[in-house]
Amino acid sequence: VPQGNVTVFVHVYDGSGQLVAQRDGVPLAGLFPPKYWLAGDQIRDVRYLFLPEALPAGKYTVAVGWYDADTGERLSALDGQGQPVVQDAIRVFEFERP
């Protein structure tokens, strides 16, 4: 269960790892704060992310994670084997813009 004043981030990175788009915000628009979540709860938080019109052709990666809104520090993220992930951001999707 996340502790503190946490915020969700969704980032889109280009093939060189540069951030090209993002959408940050409190989970569930603040209607059900994480401090009330229980271990094992499954929460679905939908985010809409708009890509720049001038986004060039190429491969892109979408990653998600959490950070403490008071300090800006990211919460630790682990992969399915319990290993830390790069930049504490879970890569959830890849796409190619033609």
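These are my notes on the aromatic and nonpolar side chains in this structure, which is a predicted model.

**Surface patch.** I looked for nonpolar surface and got a patch of about 420 Å², made by Leu 31, Phe 32, Tyr 36 and Ile 43. I placed Leu 31 in the loop between β2 (19–25) and β3 (58–68). Leu 31 comes out at 75% relative accessibility, so I logged Leu 31 as exposed; the cut-off for that is over 50%. Phe 32, at 33%, goes down as partly exposed.

**Aromatic pairs.** Next I searched the whole structure for ring pairs and got 5 aromatic pairs. One of them is Phe 32 with Trp 37, a tilted pair at 6.4 Å centre to centre and 50° between the planes. Is Trp 37 buried or exposed? Trp 37 has 9% relative accessibility, so I put it down as buried, given that buried means under 20%. I also noted that Phe 32 and Trp 37 join Trp 66 in one aromatic cluster.

**A stacked pair.** Then I pulled up Tyr 60 and Phe 95, which stack at 5.4 Å centre to centre with 20° between the planes. What does this pair link? It ties together distant parts of the chain: Tyr 60 is in strand β3 and Phe 95 in strand β4 (residues 90–97), 35 residues apart. Tyr 60 shows 4% relative accessibility, so Tyr 60 counts as buried.

**Charge over a ring.** Last lookup: I checked which ring Arg 91 covers. Arg 91 lies over the face of Tyr 13, at 5.4 Å from the ring centre.

Key:
Residues numbered from 1 in each chain as written. Predicted model: local features only at pLDDT ≥ 70, side-chain atom pairs only at ≥ 80, totals over all residues. Heavy atoms only, no water. Patch = residues over 30% accessible without salt bridge, like charges linked within 9 Å, V, L, I, M, F, W, Y side chains within 5 Å. Areas by Shrake-Rupley, 256 points an atom, 1.4 Å probe, with all protein chains shown as cover. Salt bridge = Lys/Arg side-chain N within 4 Å of Asp/Glu carboxyl O. Helix = DSSP H or I, 4+ residues; strand = E, 2+ residues; numbered from the N terminus. Buried < 20%, exposed > 50% of the residue type's maximum accessible area, 1.4 Å probe, protein only. Phe/Tyr/Trp six-rings, centres within 6.5 Å; stacked < 30°, edge-to-face > 60°. Lys NZ or Arg CZ within 6 Å of the ring centre and 35° of its normal.
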